[in-house]
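Work through the exercises below with the sequence and the structure open beside you. Try each task before reading its solution.

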Amino acid sequence: MAELITVLGASGSIGVSTLDVIARHPERYQVFALTGNSRVDVLAEQSQRHRPRYVVTGSRQAAAALEPRVPAGCRVLWGEEALAEVAAHADVDTVMAAIVGAAGLLPTLAAARAGKKVLLANKESLVMAGDLFMAAMREGGGALLPIDSEHNAIFQCLPTGYRDAADAGVSHILLSASGGPFRTRPLDSFDSVTPDQACAHPNWAMGRKISVDSATMMNKGLELIEACWLFGVEPDRVQVVIHPQSVVHSLVAYVDGSVLAQLGNPDMRTPIAHALAWPERIASGVAPLDLMAVARLDFEAPDPQRFPCLALAADAVRSGGDYPAALNAANEVAVAAFLDHRLSFTAIAKVVEAVLNDWSASEPCSIAAVQHADRTARQLAQTYSEAMAL
Ligand code: NAD
Ligand code: MG
C-alpha cells in the first residue's frame, strides 16, 4: 500500500519540491492532505493533480475561494486546529513539516506526538522548543528525518542508529554555509540592500523569509541551534564553514581524523527524496553532480563583522532557556519589517540584539511557556523595529 503523506506548507518552495518528488513515485506515495496559507490558485492546481483527502488553508476566506476548485471528495478546512488534525490523523504515515516560521510549531508538534515519520524543514520549531519537540518525538516513537540540506547531509554522514554524535566517535560537525548574496559586497553598502537583492540567493531558490535569513546568515545561526538538538552536540562542537559553491552540504569529523561529507547539486529534492525513502534510495529528478564542471571547492571562515547574526544565535543557544525562542521571534518580526521596506537590512541584527539584551530568560517547561516567550519577544521586537524604522 502507498505511504500516505501530509504536506504542511505545500504551496511554498519546499512543498512544491516535495510534491515534485512524490509525483515521480505514485506507487510509493499518495498525498493525504495539502496545506497552504493563502495561495488559492496554487492549492487548487495541486489538489487537482494530487487528489488529497483534505486541503487546509489559513483563513475562512481562502477556504471559501478554494472550495469550488477542488476535485469531488476533497474536503477544504481552515485554521490552526485543522492543521494539527491533518498532521496527526490516524491514516497518515508521514508528515512533511514545511510551514515557514513559528506558525509551523503546533502542527509539527502534533505530528511528533502522534508518532508520525516527521520530515523536518521547519527549523524554527526546533529553535523555539528544541527540548520539548525532541521529547514529543521520543514519546510518539516516530522517525525524525532532517530536510535542511546541511542537517540531512550530517545525518547521512553519521552511522545508522547512533544515539548522539559524541557516542558515535564524532569530534565535531562542520556546518556548510554559502555566505549568501553578500559574501563579498562592500560592507559600507549594506544599509542600502533592498529586499529583492537579499532574496536573490546565488545557489538556492527559496521562500523570502529564509532567503533574507541566508543573506544575514541568521539562517546558519538557526541551523547551528537545529544541529545541537538533532545530533545531541554542544554548540562549541559545531563549526560554521563558508563554502560558496554549495556542493559540499556539510561534513562530520571523527576522533580518528576521518572527515565524511555529503555532496550534490544544490537542489532540495535530494534531501527530500532521501528523507522520504530512508533507509532506501529513490530518484529525485536532480541532475547528477558534475565535479569537472564545478572544478573547485572553496572554504573560508565567516566574517563576524559582516554577519553579526551568527554570534547572536550562538550566544542564544549557549545561554539556553527561552533565549533561542526570543531570538527566533525577534528575527521573524525584523525580517518581515525589512521585507515590507520598513527596516534597513543592517537593522535586522540590531533589533534582534536589542531584544536579547532586554531578555530575562526562563526555562520553558511547556509549549504554552514557549508561546508566551514568542509573543513577548515579538512585542519587544515590534517596539524596537518602530524605533529604528526607515
Ligand atoms: P515558503 O515561504 O516558500 O513557504 C512557506 C509555506 O508555509 C507556504 O505553503 C505558506 O502558505 C505556509 N505558511 C506561511 N505562513 C503560514 C501560517 N501562518 N499558517 C499556515 N501556513 C503558513 O518557505 P520555504 O522556503 O518553503 O520554507 C519552509 C520551511 O522550510 C522554513 O522553515 C524554512 O526555513 C525551511 N527550509 C527551506 C529551504 C528551502 O530551500 N526553501 C531549505 C531548508 C529549510
Ligand atoms: Mg539549510
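A residue counts as buried under 20% relative accessible area, as exposed over 50%, and as partly exposed in between. The model used here is a predicted one.

**Exercise 1. Burial classes**

Task: Decide whether Ala-23 is buried, partly exposed or exposed, and state in which helix Ala-23 lies.

Solution.
Step 1. Find the element: Ala-23 belongs to helix H1, which spans residues 13-23.
Step 2. Take the relative accessible area of Ala-23, which is 45%.
Step 3. Apply the limits: values between 20% and 50% are called partly exposed. Ala-23 is therefore partly exposed, because its relative accessible area is 45%.
Step 4. Look for a residue distant in sequence: His-50 is 27 residues from Ala-23 along the chain, and their C-alpha atoms are separated by 8.0 Å.

**Exercise 2. Another residue of the helix**

Task: Classify Ile-14 as buried or exposed, and give the distance in space from Ile-14 to Ala-121.

Solution.
Step 1. Ile-14 also lies in helix H1.
Step 2. The relative accessibility of Ile-14 is 18%, so Ile-14 counts as buried.
Step 3. Ile-14 and Ala-121 are 107 residues apart in sequence, while their C-alpha atoms are 7.7 Å apart.

**Exercise 3. The surroundings of ligand 1**

Task: Describe the shell around ligand 1: which residues come nearest, and how do the shell residues divide into nonpolar, polar and charged?

Solution.
Step 1. There are 21 residues around ligand 1, and those that come nearest are Ser-11, Ser-13, Asn-37, Glu-124 and Gly-207.
Step 2. Sort the shell by type: 10 residues are nonpolar, eight are polar and three are charged.
Step 3. Identify contributing helices: H1 and helix H6 (123-140) each give at least two residues to the shell.
Step 4. List contacts between oxygen atoms of ligand 1 and the backbone. For Asn-37 the distance to a polar backbone atom is 2.8 Å. For Gly-12, a backbone N or O atom lies 3.1 Å from a ligand oxygen. For Ala-121 the distance to a polar backbone atom is 3.5 Å.
Step 5. Consider the cover: on its own, ligand 1 has 830 Å² of accessible area, and the protein covers 85% of that.

**Exercise 4. Placing ligand 1**

Task: Why is ligand 1 said to lie between domain 1 and domain 2?

Solution.
Step 1. Note the bounds: domain 1 covers 3-142 and domain 2 covers 153-294.
Step 2. Both domains give residues to the shell around ligand 1, so ligand 1 lies between them.

**Exercise 5. The magnesium ion**

Task: Which residues coordinate the magnesium ion (ligand 2), and how are the donor residues spaced in sequence?

Solution.
Step 1. The ion is coordinated by Asp-148 (OD), Glu-150 (OE) and Glu-223 (OE), at 2.1 to 2.2 Å.
Step 2. The sequence spacing of these donors is D-x1-E-x72-E.
Step 3. Check burial: Asp-148 and Glu-150 are both buried.
Step 4. Follow Glu-223 to a neighbour: its side chain makes a polar contact of 2.9 Å with the side chain of Lys-123. Lys-123 is part of helix H6. Lys-123 counts as buried because its relative accessibility is 3%.

**Exercise 6. A strand residue**

Task: Is Leu-120 buried or exposed, and which strand holds Leu-120?

Solution.
Step 1. Leu-120 sits in strand E6, residues 117-120.
Step 2. With 1% relative accessibility, Leu-120 counts as buried.
Step 3. Leu-145 is 25 residues from Leu-120 along the chain, and the C-alpha separation is 6.2 Å.

**Exercise 7. Backbone angles in loops**

Task: Give phi for Ser-246 and for His-341, and classify each residue as buried or exposed.

Solution.
Step 1. Ser-246 is in the loop between strand E9 (238-242) and strand E10 (248-254). Its phi is near 50°, a positive value in a residue other than glycine.
Step 2. Ser-246 has 6% relative accessibility, so Ser-246 counts as buried.
Step 3. His-341 is in the loop between helix H14 (323-339) and helix H15 (347-358). Phi of His-341 is near 65°, which is positive although the residue is not glycine.
Step 4. His-341 has 56% relative accessibility, so His-341 counts as exposed.

**Exercise 8. A cis peptide bond**

Task: Which residues does the cis peptide bond with omega of about 5° join?

Solution.
Step 1. The bond joins Trp-278 and Pro-279.
Step 2. Pro-279 is placed in the loop between helix H11 (269-277) and helix H12 (291-294).

Conventions: Residues are numbered from 1 along each chain as its sequence is written. Chains are lettered from A and ligands numbered from 1 in the order in which they are written. This is a predicted model: local features need pLDDT of at least 70, side-chain atom pairs count only at pLDDT 80 or more; totals for chains, interfaces and linings use all residues. Side-chain values use heavy atoms; hydrogens and water are left out. Helices (H or I, at least four residues) and strands (E, at least two) are DSSP runs, numbered from the N terminus. Buried means under 20% relative accessible area, exposed over 50%, partly exposed in between (1.4 Å probe, protein chains only). A residue is near a molecule or strand if one of its heavy atoms lies within 4 Å of it. A polar contact is a pair of N or O atoms within 3.5 Å; within protein, one must be able to donate a hydrogen and the other to accept it, and residues adjacent in sequence count only if both atoms are side-chain atoms. Accessible areas come from the Shrake-Rupley method with a 1.4 Å probe; for residues, only the protein chains shown count as cover. Ala, Val, Leu, Ile, Met, Phe, Trp, Tyr, Cys and Pro count as nonpolar, Asp, Glu, Lys and Arg as charged, and the others, Gly among them, as polar. Domain bounds come from an automatic or database domain assignment. Donors are N, O and S atoms within 2.8 Å of the metal (3.2 Å for Na, K and Ca); water is not among the atoms, so sites may look incomplete.
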